Amino acid sequence: MLCLVLAAEVADGVNANYVGLLAAAPFLAAAFASWPEVLTVGSASTVLALLFCTIELMHSRERTLVMLLNLGAVVLAAGIASAVGA
């Protein structure tokens with residue numbers, strides 16, 4: 001899942017249009033793995049979301065609120081998935 005979103009973001013260019021999809025990866029991991037693996041996937045998705053949001057905000061400040069909401073959603077999803085995986 002992370003690789004698919006990563007490929008879509010890189011192919012799309014500077015705009016981070018698919019960052020919200022990174023929130024699905026920790027939930028998918030929670031369905032099949034234990035909490036350490038879920039925490040790893042959640043951390044990776046959070047780092048990727050932060051990276052893509054930072055790159056877009058460096059080029060354009062038009063969608064700052066959208067980027068912050070997407071980043072917050074990924075962090076929240078990672079936390080909930082890690083708690084469920086425990």
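Is Arg63 buried, exposed or partly exposed, and what is its relative accessible area? In this predicted model, Arg63 is partly exposed, with a relative accessible area of 28%. Arg63 takes part in a salt bridge with Glu56, in which the closest N and O atoms lie 2.9 Å apart, and a search of the whole structure finds one such salt bridge. Glu56, by contrast with its partner, is buried, since its relative accessible area is 3%, and a residue is counted as buried when this value is under 20%.

The packing of the helices is considered next. Two packed helices are described by the angle between their axes and by the distance between those axes. Helix H3, which spans residues 35-59, and helix H4, which spans residues 64-85, have axes that come within 8 Å and cross at roughly 175 degrees. H3 and H4 are therefore roughly antiparallel to each other, because an angle over 145 degrees is counted in that way. On the H3 side, the contact is made by Trp35, Val38, Leu39, Gly42, Ser45, Thr46, Ala49, Leu50, Cys53, Glu56 and Leu57, and on the H4 side these residues meet Thr64, Met67, Leu71, Val74, Val75, Ala78, Ala81, Ser82 and Gly85. Sorted by class, the contact of H3 with H4 comprises 13 nonpolar, six polar and one charged residues. Glu56, the salt-bridge partner of Arg63, is thus also one of the residues through which H3 meets H4.

Helix H2, formed by residues 24-32, packs against H4 at an angle of about 10 degrees, and the axes of the two helices are 8 Å apart. H2 and H4 are therefore roughly parallel to each other, as angles under 35 degrees are classed. In this contact, Pro26, Phe27 and Ala30 of H2 meet Ala77, Ala78, Ile80 and Ala81 of H4, and the residues involved divide into seven nonpolar, no polar and no charged. Ala78 and Ala81 of H4 are also among the residues that meet H3.

H2 packs against H3 as well, at an angle of about 170 degrees and with the axes 8 Å apart, and that angle makes H2 roughly antiparallel to H3. Here Ala25, Pro26, Ala29 and Ala30 of H2 are in contact with Val38, Val41, Gly42 and Ser45 of H3, and the residues of this contact divide into six nonpolar, two polar and no charged. Pro26 and Ala30 of H2, named here among the residues that touch H3, are also among those that meet H4.

The cysteines were examined for cross-links. A disulfide is a covalent bond between the sulfur atoms of two cysteines. A search of the whole structure finds zero disulfides, and the reason can be followed from the separation of the sulfur atoms: the cysteine sulfur closest to that of Cys3 belongs to Cys53 and is 19 Å away, which is too far for a bond, given that a disulfide requires the two atoms to be within 2.5 Å. With regard to the surface, Cys3 counts as exposed at 64% relative accessibility, whereas Cys53 counts as buried at 3%. Cys53 is one of the H3 residues in the contact with H4.

Finally, Ala7 is placed in helix H1, which covers residues 2-12, and Ala7 is partly exposed, with a relative accessible area of 45%. Ala7 and Gly42 are separated by 35 residues in sequence and by 18 Å in space, C-alpha to C-alpha. Gly42, for its part, is among the H3 residues that meet H4 and also among those in contact with H2.

Note on methods: Residues numbered from 1 in each chain as written. Predicted model: local features only at pLDDT ≥ 70, side-chain atom pairs only at ≥ 80, totals over all residues. Heavy atoms only, no water. Axes fitted to C-alpha atoms, helices over the stretch in contact; angles between N-to-C directions. Helix = DSSP H or I, 4+ residues; strand = E, 2+ residues; numbered from the N terminus. Parallel < 35°, antiparallel > 145°, perpendicular 65-115°, else oblique. Contact = heavy atoms within 4.5 Å. Nonpolar A, V, L, I, M, F, W, Y, C, P; charged D, E, K, R; others polar. Salt bridge = Lys/Arg side-chain N within 4 Å of Asp/Glu carboxyl O. Buried < 20%, exposed > 50% of the residue type's maximum accessible area, 1.4 Å probe, protein only.
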